[in-house]
Amino acid sequence: MKNNLIKKSAVFGLLLSSFLATAQKTNLTVDLTKSVAKIQPTMYGVFFEDINFAADGGLYAEMVKNRSFEFNVPLMGWSQPNSSTQSMNKDSGIALPMQASADRLNDDFCRVTINNDKVYQIINEGFRGMGIKKDAKYNLSLKAANHDNAIKKIIIQFIDANKNVLGETMIVPSSSDWKDYSAQLTATAAEAKAQLKISFEGTGIIDLDMISLFPEETWKNRKNGLRKDIVQLLYDLKPGFIRFPGGCIVEGMTLDNRYQWKKTVGPIEDRETMINRWNVEFKQKQAPDYFQSFGLGFFEYFQLSEDLGAQPLPILSCGIACQYNSGELVPMEELDPYVQDALDLIEFANGAVTTKWGKLRADMGHPNPFNLKFIGVGNEQWGPQYIERYKVFAKAIKSKYPNITIVSGAGPSPDGAMFDYGWEELKKMNAEIVDEHYYKNPEWFKENAARYDKYDRKGPKVFAGEYAAHPKGVEDGFKENNWLAALSESAFMTGLERNADVVHLTSYAPLMAHVEAYQWAPDMIWFDNLNSYGTANYYVQKMYSNNKGTDVLSITQDGKALTGQNDLYATAAKDVKQKELIVKLVNTSAKAQELTINLSGKGVKSKGEMIILTHDNLEDYNTLAEPTKISPVEKEYKVSGKKAEVNMPANSFVVLKLKLK
Ligand code: AHR
């Protein structure tokens, strides 16, 4: 009797648990038979802006700050610890900024008078220091004019905070006229905060300019090129496009301060240094030493796009300065040069080498066209003034280059009167692609997974050009790239992909930030002078971009798309070339969830792959010390028949890949 009772209660327990398990299982259906929409190759791209020291001090591997003495304070970044400005060594020497003839574009240089060569030195501090690696080689170049050939040697050394020498080289300045010199240093130790010390043998006067230092190892080992580790992170994303050079930097605080691409091409030494608009934008994040050398200019952006296999997407000023700042307007009758800049840019990118701008591209080393397909007019503009100016650009571009797709903008917010006005007007003009921006809290991202379900299928296409979840109340900095923010973006992105017929381009923003010199957070990639890492948000982007597919398929629960019911979000795609089914699933609940995916139509092979991104703490984030704490794990996955069982961990983003039969 007792035994019977035990048996009965055990059976009841089993039944109950299997009933509960069944009750918790969610049944989804993927229809493999028909393609709902095409996914554009440009679907997942990157947004590059020179903000947070992303160019000088970041991607552009130059290690000397203010190499040509063009900052507003001409010796910023340079110090002369034993100079006559210091009482101890009154007569050792002095460096003074000078201006060359006004017809030289980059016209400042430094005149150094050396009275005591045992003592005098000038030091460059780099961009919050210089990161050097043991045994790595660094290429130095400079211009010098050695008055009366008085100086016998220029000695160049890496030093650490205690003035220990960590590598050195020297140059014999052999001409009293301006002459180019180069030399190589090998670092004898690793140091995150090295500086570059320059001292002299001989007394007299020497003029110096363009004192430049690059690691020998750069991306593709291009001379004076880009930081290899950072480009590698971009390359690994397999981005469909690169939007450059911003952002608000396109517009400028005033029109004078706008980004002008023509000033960023041609010989590096002739590119005019300009204040970076993020220099003093935020009171609490002042960066008085933030300038643009334009060593990373439009040619280099095009070249980078080509290296990454990404479409270049340049955005140009439309004649309105940042409307958060001056909002300065170029009068309509003076708009021509701005429009001409756009037409000339297309010629620079695509024109024959016999054209003026195509020839410059060829002279810079790229006779083949860059195959530009898109151009953006204005960044975050709004109001009738934008529409008025956009019309002029659109007419001029389309009549000369009908095959170029123009990207217009809907302003800084994803809704509201100005957003609606912009969209309405752009629709009337049959605009092709409209750029939308949204920096919102994680809840907004989850709640807006169905945002594009309602968009007009016949209207302009969407470029979700700048977005990022900003977690509420999180201290500014890399902590803002927490798992909650990234997870909510992964949920939102299911809606981008499901609506790929409307949404043609998307990019998280901003792209990168120096851990000691940022103005804006969160950002997708963080770096210091030696290392870089991808945030949890980076891995979300990578999982989408690397597993994009070519065609959207329908994935439903009870006939409805998953847009947050039971904290579940989903999108499905097929990759026609790879013959693959790709299902992206997001669980934003604190509980694991079991799913059964019923595959209707074609069969799949039994062995597949599952990529899982999850973490137990929503407030956690990656750091330089733990760069992959939150990163995807890949597993083999087995499916039997036409039912795929997936156990979604709490707070997880899963990509399931199955080969089609
Ligand atoms: O991504 C940072 C800034 O945000 C961009 O410069 C601007 O377009 C937006 O307001």
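# Reading contacts and burial in a predicted model

Me: Let me start with one residue: is aspartate 344 buried or exposed?

Reply: Aspartate 344 counts as buried, at 10% relative accessibility. The cut-off to keep in mind is that buried means under 20% relative accessible area. Please also remember that you are looking at a predicted model.

Me: Which residue forms a salt bridge with aspartate 344?

Reply: The general idea is that side chains of opposite charge can pair when their charged atoms come close. Here the partner is lysine 262, and the closest N and O atoms of the two are 2.7 Å apart. This pair links distant parts of the chain: aspartate 344 sits in helix H4 (residues 336–350), while lysine 262 belongs to the loop between E15 and strand E16 (274–275), 82 residues away in sequence. Lysine 262 is partly exposed, with a relative accessible area of 26%.

Me: How many salt bridges does the structure hold, and which other pairs could I look at?

Reply: There are 40 salt bridges in the structure. Try aspartate 307 and arginine 222, whose side chains meet with 2.8 Å from N to O. Aspartate 307 is in helix H3 (residues 298–308) and arginine 222 is in the loop between strand E14 (204–215) and helix H2 (228–237), so this bridge ties together parts that are 85 residues apart in sequence. Aspartate 307 is buried, at a relative accessible area of 14%, whereas arginine 222 is partly exposed, at 26%.

Me: What are the accessibilities of glutamate 466 and arginine 243?

Reply: Glutamate 466 has 5% relative accessibility and counts as buried. Arginine 243 is at 0%, and that counts as buried too. These two residues form a salt bridge, with their closest N and O atoms 3.5 Å apart. Glutamate 466 comes from strand E22 (residues 461–469) and arginine 243 from strand E15 (residues 241–244), which puts the partners 223 residues apart.

Me: Which residues make up a network of salt bridges?

Reply: Look for Lys65, Glu125, Arg128 and Asp289, which are linked in such a network.

Me: On to the cysteines. How many disulfides does a search of the whole structure find?

Reply: In general, a disulfide is a covalent bond between the sulfur atoms of two cysteines. In this structure the search finds zero. Take cysteine 318: its closest cysteine sulfur belongs to cysteine 322 and is 11 Å away, too far for a bond. Cysteine 322 is in no disulfide either, and the nearest cysteine sulfur to it, in cysteine 248, is 4.2 Å away. For comparison, the cut-off is within 2.5 Å. Cysteine 318 is buried at 1% relative accessibility, and cysteine 322 is buried at 2%.

Me: Which residues does tyrosine 386 touch?

Reply: Leaving out residues up to four places away in sequence, tyrosine 386 touches the cysteine we just met, Cys318, along with Ile320, Val377, Gly378, Gln381, Ser408 and Gly409. Tyrosine 386 is part of helix H6 (residues 384–400) and counts as buried, at 2% relative accessibility. Its C-alpha atom is separated by 7.5 Å from that of isoleucine 320, although the two residues are 66 positions apart along the chain.

Me: How many aromatic pairs are there?

Reply: A pair of aromatic rings is described by the distance of the centres and the angle of the planes. The count here comes to 48 aromatic pairs. One of them joins tyrosine 138 and phenylalanine 158, which are edge-to-face, with 5.3 Å from centre to centre and 90° between the planes. Tyrosine 138 is in strand E9 (residues 137–146) and phenylalanine 158 in strand E10 (residues 153–159), 20 residues apart. Both tyrosine 138 and phenylalanine 158 are buried. Next come phenylalanine 244 and phenylalanine 302: their ring centres are 5.5 Å apart and their planes are at 85°, so this pair is edge-to-face. Phenylalanine 244 lies in strand E15 and phenylalanine 302 in helix H3, so the two rings tie together parts that are 58 residues apart in sequence. Phenylalanine 244 and phenylalanine 302 are both buried. They also belong to one aromatic cluster, whose other members include Phe48, Tyr259, Trp261 and Phe370.

Me: Where does the charged end of lysine 629 sit?

Reply: It sits over the ring of tyrosine 621, 5.8 Å from the ring centre. You can compare arginine 277, which lies over the face of tryptophan 278 at 4.7 Å from the ring centre.

How values were computed: Residues are numbered from 1 along each chain as its sequence is written. This is a predicted model: local features need pLDDT of at least 70, side-chain atom pairs count only at pLDDT 80 or more; totals for chains, interfaces and linings use all residues. Side-chain values use heavy atoms; hydrogens and water are left out. Buried means under 20% relative accessible area, exposed over 50%, partly exposed in between (1.4 Å probe, protein chains only). A salt bridge is a side-chain nitrogen of Lys or Arg within 4 Å of a carboxyl oxygen of Asp or Glu. Helices (H or I, at least four residues) and strands (E, at least two) are DSSP runs, numbered from the N terminus. Rings of Phe, Tyr and Trp (its six-membered ring) pair if their centres lie within 6.5 Å; planes under 30 degrees apart count as stacked, over 60 as edge-to-face and the rest as tilted. A charge sits over a ring if NZ of Lys or CZ of Arg is within 6 Å of the ring centre and within 35 degrees of the ring normal. Contact means heavy atoms within 4.5 Å.
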